[in-house]
Amino acid sequence: MTNSTNQQILLKSRPVGEPKESDFALVETPIPEPGEGEVLNRTIYLSLDPYMRGRMSDHESYAAPVELGSVMVGGTVSQVMKSNHPQFSTGDFVLSYDGWQAYGVSKGETLRSVDPNQAPISYALSVTGMPGMTAYFALLDIGQPKSGETVVVSAATGAVGSVVGQIAKIKGCRAVGIVGSDAKSDYAVKELGFDACINRKTQELSSALKAACPNGIDVYFDNTAGPILEVVLQQLNLGARIPLVGLISEYNAESPPLGPNLMPLLVKRALIKGFLVGDYRHREPEFLNDVSQWLREGKLKYKEDVVEGLENAPQAFIGLLQGKNFGKLIVKVSDDPTKI
Ligand code: NAP
Ligand code: FER
């Protein structure tokens, strides 16, 4: 699929509440030419991630918003089409940050090589990429799980959560997931090896958690904040750790939600600590070493939810915030030559 024009998805308006397809515009533009030291990439896979909801808003945040009329940002796995950088050649696979478009030009220094013989190339956006690294460091560094302890994780079958539960098991813990459907719950227990999983939409969370965590909760890996955090806080053990990694339950909120009662944090001397994956770039090699080995040994399973076609990115992203993705959400923008 090599077209003569580029396809781009622009942020047309800032979403109010849930993003709508009309907040985005699909446009055709000429394929750009790479300048000195630059590389032209053909996007194969585009990562869709919850943080993108934050980039669509102009509220103050740790990162600047996407300008209206600009291409939506995002991680990509691409094939090099033209290179003016000595480290990259036509045909190479690269991890880039070209955003929601079929072709992108980037500076060679910003690219990372992706070896198609190591793992599916899309994994650079998922289990061996940013979400996997988030799971690994937030759990091991902040959660500090010890063998025999109970680790609870929300959004448990997602890009981050699925890795959290499996690393918890690798470390000898009881892993308990919280998810949004029975299919996700079955998958967490039967395929990923979680000890228990709760459907937050059909089960009463407090009693279901008590039953799933008879010895209380030592680590809560928080991907959601909101009502799940409020219930989990009531069942913490002394000295519990809470990597506060995501607040997805609030990303579409139009006004600040009512806060949970944080008093148990004080009473139990628990630590709640913010996490930004970018702080761990220098420790990427140890993450890649462990995760690659666990993948090779079959100890780590990974599910990707691949949507075909750049034009479906807005709808797929909207679905991500509604729990419609099942696994790491990725858009297949063009042919993956490693799969033919
Ligand atoms: P994901 O879990 O693959 O997809 C998002 C999931 O969130 C949905 O499938 C849904 O799962 C759940 N969800 C959506 N709305 C919810 C709500 N109102 N209440 C509870 N759950 C809801 O996404 P991900 O990429 O792994 O990200 C998970 C979290 O980690 C996000 O909050 C993200 O922002 C955060 N994150 C943070 C960092 C960092 O550096 N701090 C890095 C990466 C990711 P269910 O249907 O199972 O509930
Ligand atoms: C997320 C993905 C990445 C997120 C934050 C980041 C809070 C932060 C990245 C960085 O700048 O280090 O979903 O949600």
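Biologist: How are H5 and H6 oriented to each other?

Modeller: In this predicted model, local features need pLDDT of at least 70 and side-chain atom pairs pLDDT 80 or more, while totals for chains, interfaces and linings use all residues. Residues are numbered from 1 along each chain as written, chains are lettered from A and ligands numbered from 1 in the order written, and side-chain values use heavy atoms, without hydrogens or water. Helix H5 (residues 205–212) and helix H6 (residues 226–233), both DSSP runs (H or I, at least four residues) numbered from the N terminus, pack with axes 10 Å apart at an angle of about 50°. Because under 35 degrees counts as roughly parallel, over 145 as roughly antiparallel and 65 to 115 as roughly perpendicular, the two helices are oblique.

Biologist: Which residues of H6 make the contact with H5?

Modeller: On the H5 side, the contact (heavy atoms within 4.5 Å) is made by Leu205, Ser206 and Leu209. By class, the contact has five nonpolar, one polar and no charged residues. From H6 come Ile228, Val231 and Val232.

Biologist: How many disulfides are there?

Modeller: A disulfide is a pair of cysteine sulfur atoms within 2.5 Å. The cysteine sulfur nearest to that of cysteine 197 belongs to cysteine 213 and is 11 Å away, and neither cysteine 197 nor cysteine 213 is in a disulfide. The count is therefore, by this definition, zero.

Biologist: Is cysteine 213 buried or exposed?

Modeller: Buried means under 20% relative accessible area, exposed over 50% and partly exposed in between (1.4 Å probe, protein chains only). Cysteine 197, at 12%, counts as buried. Cysteine 213 has a relative accessible area of 4%, so this residue is buried.

Technical notes
Axes are lines fitted to C-alpha atoms, for helices over the stretch in contact, and angles run from 0 to 180 degrees between N-to-C directions. Ala, Val, Leu, Ile, Met, Phe, Trp, Tyr, Cys and Pro count as nonpolar, Asp, Glu, Lys and Arg as charged, and the others, Gly among them, as polar.
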